[in-house]
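User: I have a structure open and would like to talk through a few of its features with you. Could you take my questions as they come?
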Amino acid sequence: MSDYLILLLFPALMAYAASSDLVSMTIPNRLSFLLVTGFFLVAVALGMPLSSLGMHVAAGSLVLAITFGLFAAGWIGGGDAKLAAGTALWLGWDRLLDYGLAASVFGGVLTLLILQFRAIPLPRFAVGLPWLLILHHPKTGIPYGIALAAAGLAVYPRSPLWMLVSGH
């Protein structure tokens, strides 16, 4: 597996997650599958030691347990829970706190921006864009997958996988 593919797979999946959540308010299950499968393919291609692999799995599992609790309480969507867990799998323990902090900050900014967006009338051209109408509606939730993906992208260049491939 080429180093470029390894370095670009995760960012491509994050971009897909953010754009999907923006235009459809959903994060497809296939994305979660691709995150998990992609991680294991990359880990095998890089010869990641089993102890490191186990720590990455533990980080993803912990985030999955926490976020599914939040999902069960109705505080986040199921796609957000799976995206956060898949991202934690890629980032591992070393960057888990950084990811959580970045997701919180990006999520707060995203929420404020969308609330401001919803407070202004849509221009006439936007009325023909169903996804924009949904995003603008005050009863619609916040597409938090955008913040989760942005946080993943912000932290990824300091992750163990990135460091291993890039030689830093």
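User: Which residues form a nonpolar patch on the surface?
Analyst: In this predicted model, the nonpolar surface patch is made up of V23, F125, L129 and W131, which together have about 370 Å² of accessible area.

User: Where does V23 lie, and is it buried or exposed?
Analyst: V23 is a residue of helix 1, and with a relative accessible area of 44% it counts as partly exposed, because that class runs between 20% and 50%.

User: Switching to helix 2, what span should it have, and how far apart are its end C-alpha atoms?
Analyst: Helix 2 covers residues 29-46, and for these 18 residues a rise of 1.5 Å a residue leads to an expected span of 26 Å, which agrees with the 26 Å between its end C-alpha atoms.

User: And which of its residues are buried?
Analyst: The buried residues of helix 2 are L31, S32, L35, G38, F39, V42 and A43. Viewed down the helix axis, they fall within an arc of 130°, so they line one face of helix 2. As general background, an α-helix has 3.6 residues a turn, so residues three or four places apart point the same way.

User: What covers that buried side, and which exposed residues are on the face turned away from it?
Analyst: The cover over the buried residues of helix 2 includes helix 1 (3-24), helix 3 (50-72), helix 4 (78-91) and helix 8 (160-166), while the face turned away from the buried side carries the exposed residues N29, R30, F33 and V44. Just after helix 2 comes G47, which takes a positive phi of about 70°.

User: Let's pick out S32; what is it in contact with?
Analyst: If its neighbours within four places in sequence are left aside, S32 is in contact with K82 and L83. S32 itself sits in helix 2 and is buried, with a relative accessible area of 13%, because the buried class is anything under 20%.

User: How far is S32 from P160?
Analyst: S32 and P160 are 20 Å apart in space, taken from C-alpha to C-alpha, and 128 residues apart in sequence.

User: You listed helix 4 among the cover; how many of its residues are buried?
Analyst: Of the 14 residues of helix 4, 13 are buried, so this helix is largely enclosed by the rest of the structure. Helix 4 reaches 20 Å from its first C-alpha to its last, close to the 20 Å expected at 1.5 Å a residue, and it is followed by G92, whose phi is positive, near 75°.

User: New topic: how many salt bridges does a search of the whole structure find?
Analyst: The search finds two salt bridges. In one of them the side chains of D98 and R95 meet at 2.8 Å, N to O, and in the other D98 pairs with R158, where the closest N and O atoms are 3.9 Å apart. That second pair links distant parts of the chain, since D98 is in helix 5 (residues 96-118) and R158 is in the loop between helix 7 (145-155) and helix 8, 60 residues apart. Through shared partners, the salt bridges join R95, D98 and R158 into one network.

User: Are those three buried, partly exposed or exposed?
Analyst: D98 counts as partly exposed at 25% relative accessibility, R95 is partly exposed at 24%, and R158 is also partly exposed, with a relative accessible area of 38%.

How values were computed: Residues are numbered from 1 along each chain as its sequence is written. This is a predicted model: local features need pLDDT of at least 70, side-chain atom pairs count only at pLDDT 80 or more; totals for chains, interfaces and linings use all residues. Side-chain values use heavy atoms; hydrogens and water are left out. Helices (H or I, at least four residues) and strands (E, at least two) are DSSP runs, numbered from the N terminus. The expected span of a helix is 1.5 Å times one less than its number of residues. Buried means under 20% relative accessible area, exposed over 50%, partly exposed in between (1.4 Å probe, protein chains only). The arc is that of the directions from the helix axis to the C-beta atoms. Contact means heavy atoms within 4.5 Å. Patches are made of residues with over 30% relative accessible area and no salt bridge: like charges are joined within 9 Å, nonpolar side chains (Val, Leu, Ile, Met, Phe, Trp, Tyr) within 5 Å. Accessible areas come from the Shrake-Rupley method with a 1.4 Å probe; for residues, only the protein chains shown count as cover. A salt bridge is a side-chain nitrogen of Lys or Arg within 4 Å of a carboxyl oxygen of Asp or Glu.
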